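Q: I am new to this structure and would like a close look at a single part of it. Please describe that part in detail, with its terms explained.

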Amino acid sequence: MKTALVYNPEIKKYSFGKGHPFTSERFEIFINFLKTNLPNFKEYFEEIKPQPATEEELKLFHAQEYIWAMKKASQGIVLPNIFQYTTFDNLDPSTGYLPRGIEEATRIAVGTSLKAAQLVFEGKFKKAISIGGGLHHAKESFGEGFCIYNDVVICAKKLLQKGLKRILILDTDAHAGNGTCQAFYEDNRVLFIDLHQDPRTIYPGTGFREEIGQGKGEGFTINIPLPPRAGDDAYQYCFEKIIFPLTREFRPEIIIRNGGSDPYFGDGLANLGLTLEGFKMIGKNTKKLAEICQGKEIDLIASGYNQKILPLAWLALISGLLDLEIQLKDPDEKLAPSKNSKLMETKEIIKELKKLLKKYWKCLK
């Protein structure tokens with residue numbers, strides 16, 4: 001069966017301006033790279049162009065007042081209270097205002113992820129890849145971290161609305177998915193597992209292992225904070241000791257994975273230690289996890305801040321997920337940390353995490 005590649009070229013408008021870390025050429029660069037380096041592209045993928053998300057879909061998570069503010073600011077209307085709705089890192093550095101048209105572009109990103117989720121939910125594809133999805137920092141009434149609307153949350157809420165009872169969200173972005181975490185912190189229908197760099201060393205400063213959920217959701221938020229320069233083996237250890245056992249016990253009906261290339265050792269905005277082989281490993285592990293739910297997986301990819309690496313790492317993720325035979329080589333291989341970089345520190349983190357979680361999960365006892 002082919003994989004759905006959900007992509008709307010209009011997502012190129014999702015850009016925060018010259019000099020900002022997040023600019024939109026990433027999407028076209030990747031699509032061109034994918035088609036160039038996978039000559040039999042059409043054997044593996046069916047390209048699907050989605051529609052932008054509707055206001056009703058946005059309201060599955062976001063407050064009406066916030067949507068209104070983002071629309072107005074995106075049209076060039078100066079809001080004197082803009083910092084009530086967003087942080088400065090979502091503003092165009094050359095103007096100090098919300099980038100014109102960014103709200104419409106974010107609707108495209110959300111619509112892309114919703115279409116991917118719909119295709120998998122309806123059984124038309126086992127797997128669907130959203131190019132532009134994974135905007136995991138946006139909260140109900142607040143935008144931050146280059147994220148206006150949170151497509152990860154909206155996706156999951158839409159699937160819950162359709163009747164699913166158990167969803168796994170696996171966040172492999174280098175930064176903790178604070179918006180997604182907050183949305184499901186009291187919800188036991190969503191198992192949220194977040195692998196990220198130690199929050200003491202990176203934005204957004206949340207995602208400590210003690211953050212495990214509350215109320216009905218206590219024990220269903222799993223934060224795995226990795227030490228800077230954590231390498232491929234450290235990630236694999238987290239999958240083997242935490243992610244695989246919990247997923248088997250939880251038995252999700254569908255998996256949503258989000259995250260791009262920023263855990264790469266030369267990313268620029270983060271300081272983790274994955275190589276291209278490490279990204280392929282994440283894809284392979286995600287594929288294996290999805291066997292628990294008949295292969296049903298939605299992959300959301302947008303992040304990464306080294307444009308030389310970004311298309312390579314995105315393709316490495318996808319090649320692992322789909323078992324594609326393709327050779328990828330780290331351009332700066334000599335600068336990579338060792339495969340077992342920070343493995344001992346990671347083992348200690350996992351040991352402490354198990355102590356926190358064992359009363360909620362039989363597999364960790």
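A: Helices (DSSP runs of H or I, at least four residues) and strands (DSSP runs of E, at least two) are numbered from the N terminus. The part chosen here is helix H5, which covers residues 102–121. The model is predicted, and local features need pLDDT of at least 70, side-chain atom pairs count only at pLDDT 80 or more, and totals for chains, interfaces and linings use all residues. Residues are numbered from 1 along each chain as its sequence is written, while side-chain values use heavy atoms and leave out hydrogens and water.

H5 has 20 residues, and the span from its first C-alpha to its last is 29 Å. That is close to the 28 Å expected at 1.5 Å a residue, where the expected span is 1.5 Å times one less than the number of residues. After the helix comes Gly123, with a positive phi near 80°.

Of the 20 residues in H5, 16 are buried, so the helix is mostly covered. Buried means under 20% relative accessible area, exposed means over 50%, and partly exposed lies in between (1.4 Å probe, protein chains only).

One feature of H5 is a salt bridge between Arg107 and Glu103, with the closest N and O atoms 2.7 Å apart. A salt bridge is a side-chain nitrogen of Lys or Arg within 4 Å of a carboxyl oxygen of Asp or Glu. By this rule the count comes to 18. Arg107 and Glu103 are about one helical turn apart, because they are four residues apart in H5. An α-helix has 3.6 residues a turn, so residues three or four places apart point the same way. Arg107 and Glu103 are both buried.

For contrast, there is a salt bridge outside H5. The side chains of Lys308 and Asp332 meet in one, at 3.4 Å from N to O. This pair links distant parts of the chain, 24 residues apart: Lys308 is in the loop between S8 and H10, and Asp332 is in the loop between H10 and helix H11 (343–357). Lys308 counts as partly exposed because its relative accessible area is 47%. Asp332 is also partly exposed, with a value of 30%.

To return to the helix, Arg107 and Glu103 belong to one network with Glu55 and Lys71, joined by salt bridges that share partners.
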